[in-house]
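This report covers burial, salt bridges and overall layout. Please look over the sequence and the coordinates before reading on.

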Amino acid sequence: MAAEVGFELRGHEVLRRPLITEKTMHLSERRNTFVFLVSTAATKQSVKSAVEAHWSVRVTGVRIQNRVGKSRRFKAQVGETGATKRAFVTMHEDDRINLF
């Protein structure tokens with residue numbers, strides 16, 4: 001879902017939170033790539049500018065992953081998990097983000 005024409009997210013609206021798992025910590029240590037949950041209307045350019053502005057780092061690449069919500073069932077009720085968007089942000093080799 002692309003952003004509408006004339007619609008622009010602010011920096012604090014783009015990034016929701018960092019995603020902290022074993023796999024993402026391995027990526028941050030080995031490849032200097034950090035993973036964030038972002039707004040579904042966010043673009044690669046908006047993620048790059050938000051990260052650069054918030055942490056004062058140089059971003060070399062952004063990859064976006066759209067995750068579709070799945071249908072789930074609990075007893076007689078049927079529901080759906082929410083769709084999410086992840087951003088894999090690669091930093092310059094001299095720059096780091098301290099999340100802890």
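## Asp95 and its partner

In this predicted model, Asp95 has a relative accessibility of 13% and counts as buried, because the cut-off for that class is under 20%. Its side chain meets that of Arg58 in a salt bridge, with 3.1 Å from N to O. Asp95 sits in the segment after S6 and Arg58 in the loop between H3 and S3, so the bridge ties together parts 37 residues apart in sequence.

## The Arg58 network

Arg58 also forms a salt bridge with Asp94, where the closest N and O atoms are 3.9 Å apart. This pair, too, links distant parts of the chain: Arg58 lies between helix H3 (44-55) and strand S3 (59-67), and Asp94 follows strand S6 (84-91), 36 residues apart. Arg58 is partly exposed at 43% relative accessibility, while Asp94 is exposed at 57%.

Arg58, Asp94 and Asp95 are thus linked in a network of salt bridges. The search of the whole structure finds 2 salt bridges.

## Charge and surface

The protein chain carries 18 positive and 10 negative side chains, and the centres of these two sets are 10 Å apart. Its accessible surface is about 7,400 Å², with 48% belonging to carbon and sulfur atoms. Of its 100 residues, 32% count as buried.

## Fold layout

The protein chain contains 3 helices and 6 strands, in the order α-β-α-β-α-β-β-β-β from the N terminus. Among contacts with a separation of 6 or more, 60% are between residues 24 or more positions apart. Along the principal axes, the C-alpha atoms fill a box of roughly 55 × 40 × 20 Å.

Note on methods: Residues are numbered from 1 along each chain as its sequence is written. This is a predicted model: local features need pLDDT of at least 70, side-chain atom pairs count only at pLDDT 80 or more; totals for chains, interfaces and linings use all residues. Side-chain values use heavy atoms; hydrogens and water are left out. Helices (H or I, at least four residues) and strands (E, at least two) are DSSP runs, numbered from the N terminus. Buried means under 20% relative accessible area, exposed over 50%, partly exposed in between (1.4 Å probe, protein chains only). Contact means heavy atoms within 4.5 Å. Accessible areas come from the Shrake-Rupley method with a 1.4 Å probe; for residues, only the protein chains shown count as cover. Lys and Arg count as positive and Asp and Glu as negative; His and the chain ends are not counted. The place of a charge is taken as NZ of Lys, CZ of Arg, CG of Asp or CD of Glu. A salt bridge is a side-chain nitrogen of Lys or Arg within 4 Å of a carboxyl oxygen of Asp or Glu.
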